[in-house]
Each structure stands twice: as C-alpha cells, then as structure tokens.
Amino acid sequence: MRGLHADTGYLLYRLGLRSGQLFNAFLQESGLRLRHYAVLRFLATTEGSLQRELSARLGYDPSAIVGLVDDLEKLGFAERRPAPDDRRSRIVVLTENGRAFLRDTDEAGRRVTNELLGPLDPAGREALHALLLRIAEDGLS
C-alpha cells in the first residue's frame, strides 16, 4: 500500500493548507484572511468586477463574496460602484487604501512564500511555479 506522501493530490492539499495557515498568520494583525487578500489581489488586476465574476474567478460561493466585499468596504479597501454599462449592477473596485494595503503586505507575502518553498533553490521555485500555472490554467479556469 502506498503512503500518503506518494499521493501528489494529498501533498498539494497539505501544502495548500500550510500555505493558507502561513498567509492567515501574517494577515491576522490586519483582521483579514486569505480570502480577503485574494479578492484584493484580483481587484488589483481589474478596473472593477461584478460580484458574480469575483465568485467565478476565485472559486468562492457567491454568498461568501458578499461578506468578503462587505468586510473590505468597512476597512475602506474596496467599494461598490454602479457598473458603467448597466447602472442597475454594481462593480467592486479596489480603493487607494486597498492598493496601499497590498503594497504594504508585498514583503510579508514574499516571506510567507519563502518559508513555504524554503527547501527549493530559485530554479526549483520557478519550475514549480510554471508547473502549477499549467495545472491551474487547465483545471481552475
């Protein structure tokens, strides 16, 4: 019988848990969680996003997105605005405070990644990232 570490899926699951724990620990002081951080990072790549698009792109339940955006609005990191092409719809936009928060947390995020990937040399990290991107593009779109 194979051991748990012989199963790549299990290893990815465990590393995902560890990564989430490390990110949540570094975010703890801000009152945010990794899910909030993911929304902010996504919004930083757009001019605004409908909540249903956030849900689809991040893989979060639509009801969870509502609560995450509410939290980010309370902190002044995001805001809902009328959609330019449909005034009945609202888009979520990253605020300047949200951008500043992301800039301030960049170094901490790199430290978390460095801790998680410590056993790998730079070439190994690049190779792992490239492989994960290939899997993600196929399986997470």
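# Exercises on a predicted chain

From the N terminus on, the elements follow the order α-α-β-α-α-β-β-α-α, where helices (H or I, at least four residues) and strands (E, at least two) are DSSP runs numbered from the N terminus. This is a predicted model: local features need pLDDT of at least 70, side-chain atom pairs count only at pLDDT 80 or more, and totals for chains, interfaces and linings use all residues. Residues are numbered from 1 along each chain as its sequence is written, and side-chain values use heavy atoms, with hydrogens and water left out.

**Exercise 1. Work out how many helices and strands the protein chain has, and find the element with the lowest mean pLDDT.**

Step 1: Sort the elements by type, and you get six helices and three strands.

Step 2: Look at pLDDT, the predictor's confidence in each residue, from 0 to 100. The chain averages 90, and 97% of the residues score at least 70.

Step 3: Now go element by element. Strand 3 (residues 86–94) has the lowest mean, 89, while helix 4 (residues 62–74) has the highest, 95.

A reading tip: where pLDDT is low, don't read the predicted coordinates in detail.

**Exercise 2. Decide whether helix 2 is largely enclosed or not, and say why.**

Step 1: Get the term straight: buried means under 20% relative accessible area, exposed over 50%, and partly exposed in between (1.4 Å probe, protein chains only).

Step 2: Pick out the buried residues of helix 2, which are His36, Tyr37, Ala38, Val39, Leu40, Phe42 and Leu43.

Step 3: That makes seven of the 10 residues in helix 2 (residues 34–43), so the rest of the structure largely encloses this helix.

Step 4: Check the loop between helix 1 and helix 2, where arginine 33 sits. Arginine 33 counts as partly exposed because its relative accessibility is 48%.

**Exercise 3. Find which aromatic pairs tyrosine 37 forms with phenylalanine 23 and phenylalanine 26.**

Step 1: Use the rule that rings of Phe, Tyr and Trp (its six-membered ring) pair if their centres lie within 6.5 Å; planes under 30 degrees apart count as stacked, over 60 as edge-to-face and the rest as tilted.

Step 2: Search the whole structure, and five aromatic pairs turn up. One of them joins phenylalanine 23 and tyrosine 37, with 5.8 Å centre to centre and 40 degrees between the planes, so to speak a tilted pair.

Step 3: Place that pair on the chain: phenylalanine 23 is in helix 1 (residues 8–27) and tyrosine 37 in helix 2, 14 residues apart.

Step 4: Phenylalanine 26 and tyrosine 37 pair edge-to-face, at 6.0 Å centre to centre and 85 degrees between the planes. Phenylalanine 26 lies in helix 1 and tyrosine 37 in helix 2, so this pair ties together parts 11 residues apart in sequence.

Step 5: Put it together: Phe23, Phe26 and Tyr37 make one aromatic cluster.

**Exercise 4. Find which element gives the most to the largest nonpolar core.**

Step 1: A nonpolar core is a set of buried Ala, Val, Leu, Ile, Met, Phe, Trp, Tyr and Cys residues joined through side-chain atoms within 4.5 Å.

Step 2: The largest core has 25 residues, and Val39, Leu40, Leu54 and Phe101 have the most contacts inside it.

Step 3: Helix 1, helix 2, helix 4, strand 3 and helix 5 (96–116) each supply at least two residues of this core. Helix 2 wins, with six residues.

Step 4: Zoom in on valine 39, using contact to mean heavy atoms within 4.5 Å. Leaving aside neighbours within four places in sequence, valine 39 is in contact with Leu54, Leu58, Tyr60, Ile65, Leu68 and Leu72.
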